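Work through these short exercises with the model open beside you. Try each task before you read its solution.

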Amino acid sequence: MADPERLNRKIRAALAPCSLGQWPTPLERGAPALARTLGVEALWIKREDRSSPRYGGNKVRGLEFLLAGAPPGSVFVTVGGTGSTHCLATAVHAAALSCRAALAQFPQPETATSRAVAAASQAHAALVVRAATRASLPVALLSAWRGARRLGSRRWIPAGGAHPRAVVGHLLATLELTRQLPDPPDAIVAPLGTGGTVAGLLLGIAGLGWPTRVIGVRVAPTLVANRWRATRLARRARRLLARVGVPLPAPRSPDIVNGLGRGYGSPTVEGEAARQLAAQHGLVLDSTYGAKAFGVLLRRGTWNVQRVVFWHTFAMPAALPESMP
Ligand SMILES: Cc1ncc(COP(=O)(O)O)c(C=O)c1O
């Protein structure tokens, strides 16, 4: 097993991320009554939502690697749903580096939460181009890319920040667990969108030599969120690290579970039941990511895991009361 501290230092020295978040994120023990209800021996919550006081969530890890080295005045162009926390996090953290963001966005089902994220994105980004339908997203993207040229030197960030450099950020999260847990957990459960988060977990687990299963709960269409894509991202990140002198063992593939329901951003019955149950135990989840991922833990007997880490990825924008859906 690699020495996690040494691995962390080597990776940071080799890829020089910028500093946007506060690490490690807390690992909290879930309420024993909640674990009992789920039928597991122990539940921990990795509070990725608390990754930054500016604006937290899982995307901050990747942005430390994606925004690094950009001269002040650069404009990051990216794409996502109107309620995309990737878009919001890009806009907020670009501004912290004296840079800006131009966003192309497609419509998604509206909830109070997605509306709040959309409003915050609009407030923080230099340019937001909204497509009327998903089909017209390419036109919106072209318009955002062209409009960004007037604002400064442009840099492209793929949807969800799903890039091998960002995957390395999520790998570092896995290393934090070695100081926070006495033993490897049986499973880590995380929402699967564009795949970077799960890819980083897979690579981190491989580096640590842990037997832990990574369970990705699909919350976006299969075209985007699938085993092949997450595994490929993990392999590409592994090759990137090998090139800079940080060799790691080959990652395994994740277990993928479908939590999508009618579509991205559409609440599901299972997810909402999970959200309510979690709330009764003080754990606040959103409908699009957290609730759907947590919901699969309610599917009793689906897997034989007893010690589970739940990856809590969604951060509420500051102005939104925490109790909203
Ligand atoms: C809050 C939140 N959780 C989880 C995910 C899924 O992460 P990934 O896109 O890395 O699979 C996203 C992606 O958009 C997200 O915004």
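The exercises below use a predicted model.

**Exercise 1.** Find out which residues surround the ligand most closely, and which elements supply the shell.

*Solution.* Start with the count: 18 residues surround the ligand. The closest are Gly193, Thr194, Thr197, Tyr289 and Thr313. Next, turn to the elements. Helix H4 (85-96), strand S7 (187-192) and helix H8 (196-208) each give two or more residues to the shell. H8 gives the most, with 3 residues.

**Exercise 2.** Sort the shell around the ligand by residue class, then by domain.

*Solution.* First, the classes: 6 residues are nonpolar, 12 are polar and none is charged. Then the domains. The shell draws at least three residues from domain 1 (4-55 + 163-312) and at least three from domain 2 (59-161).

**Exercise 3.** Locate Pro24 and decide: is the peptide bond from Trp23 to Pro24 cis or trans?

*Solution.* Pro24 sits in the loop between helix H1 (4-15) and strand S1 (27-29). Now read omega for the bond from Trp23: the value is near 0 degrees. The bond is therefore cis. Most peptide bonds are trans.

**Exercise 4.** Are Ala16 and Ser98 buried or exposed? Give the phi of each as well.

*Solution.* Take Ala16, in the loop between H1 and S1. Its phi is near 45 degrees, a positive value. Ala16 has 11 other C-beta atoms within 10 Å. The cut-off for exposed is 12 or fewer, so Ala16 is exposed. Ser98 lies in the loop between H4 and strand S4 (100-106). Phi of Ser98 is near 60 degrees, also positive. With 11 other C-beta atoms within 10 Å, Ser98 is exposed. Most residues other than glycine have a negative phi.

Technical notes: Residues are numbered from 1 along each chain as its sequence is written. This is a predicted model: local features need pLDDT of at least 70, side-chain atom pairs count only at pLDDT 80 or more; totals for chains, interfaces and linings use all residues. A residue is near a molecule or strand if its C-beta atom, placed from the backbone, lies within 6 Å of it. Helices (H or I, at least four residues) and strands (E, at least two) are DSSP runs, numbered from the N terminus. Ala, Val, Leu, Ile, Met, Phe, Trp, Tyr, Cys and Pro count as nonpolar, Asp, Glu, Lys and Arg as charged, and the others, Gly among them, as polar. Domain bounds come from an automatic or database domain assignment. A residue is buried if 20 or more other C-beta atoms lie within 10 Å of its own, exposed if 12 or fewer, and partly exposed in between; C-beta atoms are placed from the backbone.
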